[in-house]
Amino acid sequence: MTEHLIIGGGVAGCAVARELTRRGAGCRLLEAKTIASGASGGPGRRGVRANGRDPREIPLIRRAREIWPSLHEALGVAPLFERSGHLLLIERPEDRLEAEARVALQSRMGIPSRLLGKEETRELEPAVGDAVCGAVHCPDDGVADHTATTRAYGEAAKAAGAVIEEGVAAGRLIVEGARVVAVETADGASHAVAGHLFVLANSAVRDLVAPWLELPLWNLAFQALLSAPIDPVPFRHLIGHAHRTLSLKAEAGNRVMISGGRLGRWDEERRTGMTIDSEVAANVADAVAVYPSLAGLEIEVADAGHLESLSPDGVPIIDRLPGVENAVFAAGWCGHGWAIAPAVAPLLVDWALDGEQPAALAPFAAGRFSA
Ligand SMILES: Cc1cc2nc3c(=O)[nH]c(=O)nc-3n(C[C@H](O)[C@H](O)[C@H](O)COP(=O)(O)OP(=O)(O)OC[C@H]3O[C@@H](n4cnc5c(N)ncnc54)[C@H](O)[C@@H]3O)c2cc1C
């Protein structure tokens, strides 16, 4: 059986491994640390949100939202996705203009969306602060357990014959003619690539493909906070905000997850991230400003240990290696690559096996940054 090689054991790599084996193809996945140790791991859950997404990603999230509700059945595990609905809260009257335009666009693109006034918002979220004057509501959005999903994809691939190697870091790609023929690992071993190579190592993709392509990518350590239990958790939906850097989720055991894009500090030497006290305090202050009953909230877990890659225009770069017929790569998810992964993985496999770039991936080509 032709063996395809995957670099990276996050949701992208594990979902591609599962998709390849589902189609009867053999594959080997190399993961530098452990499965779900990168951006696809860490505390709490991830938002599966169409609301507020870049229009280029809407076709992907539409496909993904068809997959999420029954994904656990396909992977043979307990439910992973909860349809909580998403509310993008508005406090400044001027933000209603963008919200109106977004609601119209999202509705046209097949994402049921509604602009709510102050009272309607309170009917859905009674504990919201008085300054909130409206919201964009997407009832089909939700949340999913990222670590469990990534591991479930990996386990399903393994059960179907994939070889998953942890603690193996890919180093150099060896190209002969127009094909990648092998990948050298940090310990000097060489892994042959008989079929296709999928470079899905997120924060390491830029360096891995650097000999062929200068990608405008950089890495940041996003902050995620998990509170001590509180009773009651004051919100019911996945919560976002029009102008505050804020995302709120209700977690198991009456805990609150606070994130949204505030940053920690990355220590390249130790390969780990640390939170910054002022950023933790600012994230909590924003949460309290929107839900006053969170005042006094105690934070039990403050994490910034999961690097994410970013691109200049806020959407990923998904492409083939130039001049190489059997290698695709994807990175630059910009903090929202999780929710679309169940749609992106089958498209990447289509591209590799059929040779044709799927139309839904065309907006993410690296060429958009060329002169
Ligand atoms: C705090 C936080 C909150 C987020 N919230 C959301 C959200 O609400 N909604 C959403 O849609 N997205 C969210 N995201 C983004 C989302 O989690 C990521 O876009 C997604 O998980 C990326 O998956 P990946 O498989 O590409 O990368 P990763 O999960 O980072 O996996 C890449 C893997 O490659 C491995 N690796 C690195 N170098 C090598 C090498 N040389 N050889 C072999 N393996 C290597 C790494 O160890 C890692 O396990 C969030 C991200 C963070 C950090």
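**Exercise 1. Determine in which sense strands S17 and S18 pair, and place the pair within its sheet.**

Strand S17 (residues 247-251) and strand S18 (residues 255-259) run antiparallel to each other and are joined over five bridges, where strands are DSSP runs (E, at least two residues) and helices are DSSP runs as well (H or I, at least four residues), both numbered from the N terminus, and two strands pair if DSSP finds at least two bridges between them. Within this pair, serine 247 has serine 259 in S18 as its bridge partner. The model is a predicted one, in which local features need pLDDT of at least 70 and side-chain atom pairs count only at pLDDT 80 or more, whereas totals for chains, interfaces and linings use all residues. Residues are numbered from 1 along each chain as its sequence is written, and side-chain values use heavy atoms, with hydrogens and water left out.

The next step is the whole sheet, which is open, has eight strands with mixed pairing and follows the order S6-S7-S5-S16-S17-S18-S15-S21. Strand S6 (114-116) and strand S21 (299-303) each have a single partner strand and stand at the edges, so one side of each is left without a neighbour in the sheet.

**Exercise 2. Identify which strands helix H3 and helix H7 touch.**

Helix H3 (residues 95-108) packs on the sheet in contact (heavy atoms within 4.5 Å) with strand S5 (86-90), S6 and strand S7 (134-138). Its direction makes about 155° with that of S6, the axes being lines fitted to C-alpha atoms, for helices over the stretch in contact, and angles running from 0 to 180 degrees between N-to-C directions. Helix H7 (residues 277-290) also packs on the sheet, touching S5, strand S15 (224-227), strand S16 (238-241), S17, S18 and S21, and its direction makes about 115° with that of S18.

**Exercise 3. Describe how domain 1 and domain 2 meet.**

The assignment, which is automatic or from a database, gives domain 1 (3-45 + 147-216 + 313-369) and domain 2 (86-139 + 223-305). Taken over C-alpha atoms, the centres of domain 1 and domain 2 are separated by 31 Å. Four residues of domain 1 are in contact with nine residues of domain 2. The two domains bury about 550 Å² between them, 50% of it on carbon and sulfur atoms, where buried area is the accessible area (1.4 Å probe) that two parts lose on being put together, summed over both. On the side of domain 1, Pro43, Gly44 and Arg45 lose the most area to domain 2, together 79% of what that side buries.
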